[in-house]
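Work through these exercises with the structure open beside you. Try each task before you read its solution.

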Amino acid sequence: VMTEDVGCCRDSDSVADVMAQMGGEQVRRLAVLDANNEFVGIVALGDIATRQSAHTDATLREISTPSH
């Protein structure tokens with residue numbers, strides 16, 4: 001099953017912005033686009049956690065909390 005509305009971020013976005021977006025959209029992965037809107041990869045919360053574990057706790061709580 002494929003998601004219709006895929007969330008994405010830019011390769012120039014800060015880690016803080018990407019984590020905020022993940023929390024807001026309640027997703028653990030985002031497609032990464034460059035300045036030409038070309039797909040360049042996927043960033044996962046796990047990728048960020050292995051590098052900045054202290055800052056991912058709040059994002060994980062946001063993702064895991066049911067939305068209303």
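**Exercises on a predicted chain**

The sulfur of C9 is 7.1 Å from the closest cysteine sulfur, in C8, too far for a bond. Keep that pair in mind for Exercise 2.

This is a predicted model, where local features need pLDDT of at least 70, side-chain atom pairs count only at pLDDT 80 or more, and totals for chains, interfaces and linings use all residues. Residues are numbered from 1 along each chain as its sequence is written, and side-chain values use heavy atoms, with hydrogens and water left out.

**Exercise 1. Lay out the elements and state the confidence.**

Step 1: Count. The protein chain has 3 helices and 3 strands. Helices (H or I, at least four residues) and strands (E, at least two) are DSSP runs, numbered from the N terminus.

Step 2: Order them. From the N terminus the elements run β-α-β-β-α-α.

Step 3: Check pLDDT, the predictor's confidence in each residue, from 0 to 100. The chain mean is 85, and 82% of the residues reach 70 or more. Among the elements, strand β1 (residues 8-10) has the highest mean, 97. Helix α3 (residues 53-64) has the lowest, 66.

**Exercise 2. Decide how many disulfides there are, and describe the two cysteines.**

Step 1: Apply the rule. A disulfide is a pair of cysteine sulfur atoms within 2.5 Å. The count comes to 0 disulfides.

Step 2: Check C8. C8 is in no disulfide, and its nearest cysteine sulfur, that of C9, is 7.1 Å away.

Step 3: Compare accessibility. Buried means under 20% relative accessible area, exposed over 50%, partly exposed in between (1.4 Å probe, protein chains only). C8 has 34% and counts as partly exposed. C9 has 4% and counts as buried.

**Exercise 3. Trace the sheet, then place α1 on it.**

Step 1: Find the order. An open sheet of 3 strands runs β1-β2-β3, with mixed pairing. Two strands pair if DSSP finds at least two bridges between them.

Step 2: Find the edges. β1 and β3 (39-44) each have a single partner strand, so one side of each is left without a neighbour in the sheet.

Step 3: Read the twist. It averages 35 degrees from one strand to the next.

Step 4: Inspect one pair. β1 and β2 are parallel over 3 bridges. C9 has V32 of β2 as its bridge partner.

Step 5: Add the helix. α1 packs on the sheet and touches β1, β2 and β3. Its direction makes about 130 degrees with that of β2. Contact means heavy atoms within 4.5 Å. Axes are lines fitted to C-alpha atoms, for helices over the stretch in contact, and angles run from 0 to 180 degrees between N-to-C directions.

**Exercise 4. List the largest nonpolar core and its sources.**

Step 1: Set the rule. A nonpolar core is a set of buried Ala, Val, Leu, Ile, Met, Phe, Trp, Tyr and Cys residues joined through side-chain atoms within 4.5 Å.

Step 2: List the members. The 9 residues are C9, V18, M19, M22, L30, V32, V43, L45 and I48.

Step 3: Assign them. α1 (15-25), β2 (29-33) and α2 (45-51) each supply at least two residues. The largest share, 3 residues, comes from α1.

Step 4: Follow L30. Leaving out residues up to four places away in sequence, L30 touches residues including C9, V18, M22 and V43.

**Exercise 5. Pick out two backbone angles with an unusual sign.**

Step 1: Recall the rule. Most residues other than glycine have a negative phi.

Step 2: Check Q26. Its phi is positive, about 55 degrees. Q26 lies in the loop between α1 and β2.

Step 3: Check N37. Its phi is also positive, near 60 degrees. N37 is in the loop between β2 and β3.
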